[in-house]
Amino acid sequence: AFGVFRRNAVFFKTLALAQLFSLYAIHFSTNWLSLGIVAAGVSLATYATVVLGINRTYFSAELGYDPPELIKRFPYGIVPHPMVLGAMLGIAGMWLVPNLRASYAWLLVGHLLCYAVVLLQDMFTTRSFLSSLSASANHQ
């Protein structure tokens with residue numbers, strides 16, 4: 001079931017991001033600050049995914065498919081929650097394009113709100129997950 005879950009999550013995230021970036025490209029108007037912020041956010045989120053690995057990105061450790069592991073390689077340990085913050089930064093950069101904001105403010109705000117919920121969930125579950133990881137390491 002985990003493979004199906006991961007496949008579906010990747011598919012729907014790819015679909016959502018393709019639509020979002022298509023709208024961004026259609027409405028883009030030489031706003032280089034926006035482009036730089038979007039590129040920085042996407043780069044951070046993508047690199048964080050590469051460092052974590054595709055299985056861990058989709059909760060393999062939390063679901064018991066991989067052993068728990070504390071990732072210390074950059075950007076982890078330096079930037080808190082780099083995947084989520086990178087995605088939020090990228091979407092915030094899209095907000096700087098006036099035509100996109102005028103037509104799709106609801107979409108950008110909706111994405112940011114959903115990522116904020118994910119960030120809150122990640123903050124609370126990571127804290128308890130790391131506590132359990134630390135406790136198991138102390139008992140060994």
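## A helical model, from helix α5 to a salt bridge

L113 lies in helix α5, which spans residues 98–139, and in this predicted model that residue offers a convenient point from which to begin. With a relative accessible area of 55%, L113 is exposed, because exposure is assigned to residues over 50%. Together with L33, W95, L96 and V109, L113 makes a nonpolar surface patch of about 440 Å².

Turning from this patch to the protein as a whole, the secondary structure comes to 5 helices and 0 strands, so that reading along the sequence gives the pattern α-α-α-α-α. Of the 140 residues in the protein, 29% are buried, while the accessible surface comes to about 8700 Å², with 69% of that area belonging to carbon and sulfur atoms. Among the contacts between residues at least 6 apart in sequence, 73% join residues that are at least 24 apart.

The charged side chains provide a further feature to follow. Side chains of opposite charge can pair when their charged atoms come close. A search of the whole structure finds 1 salt bridge, and E69 forms a salt bridge with R56, with the closest N and O atoms 3.3 Å apart. The pair links distant parts of the chain, since E69 sits in the loop between α3 (54–57) and α4 (82–94) whereas R56 belongs to helix α3, 13 residues apart. As for the surroundings of the two partners, R56 is buried, because its relative accessible area of 15% falls under the 20% limit, whereas E69, at 45% relative accessibility, counts as partly exposed.

Note on methods
Residues numbered from 1 in each chain as written. Predicted model: local features only at pLDDT ≥ 70, side-chain atom pairs only at ≥ 80, totals over all residues. Heavy atoms only, no water. Helix = DSSP H or I, 4+ residues; strand = E, 2+ residues; numbered from the N terminus. Buried < 20%, exposed > 50% of the residue type's maximum accessible area, 1.4 Å probe, protein only. Contact = heavy atoms within 4.5 Å. Areas by Shrake-Rupley, 256 points an atom, 1.4 Å probe, with all protein chains shown as cover. Patch = residues over 30% accessible without salt bridge, like charges linked within 9 Å, V, L, I, M, F, W, Y side chains within 5 Å. Salt bridge = Lys/Arg side-chain N within 4 Å of Asp/Glu carboxyl O.
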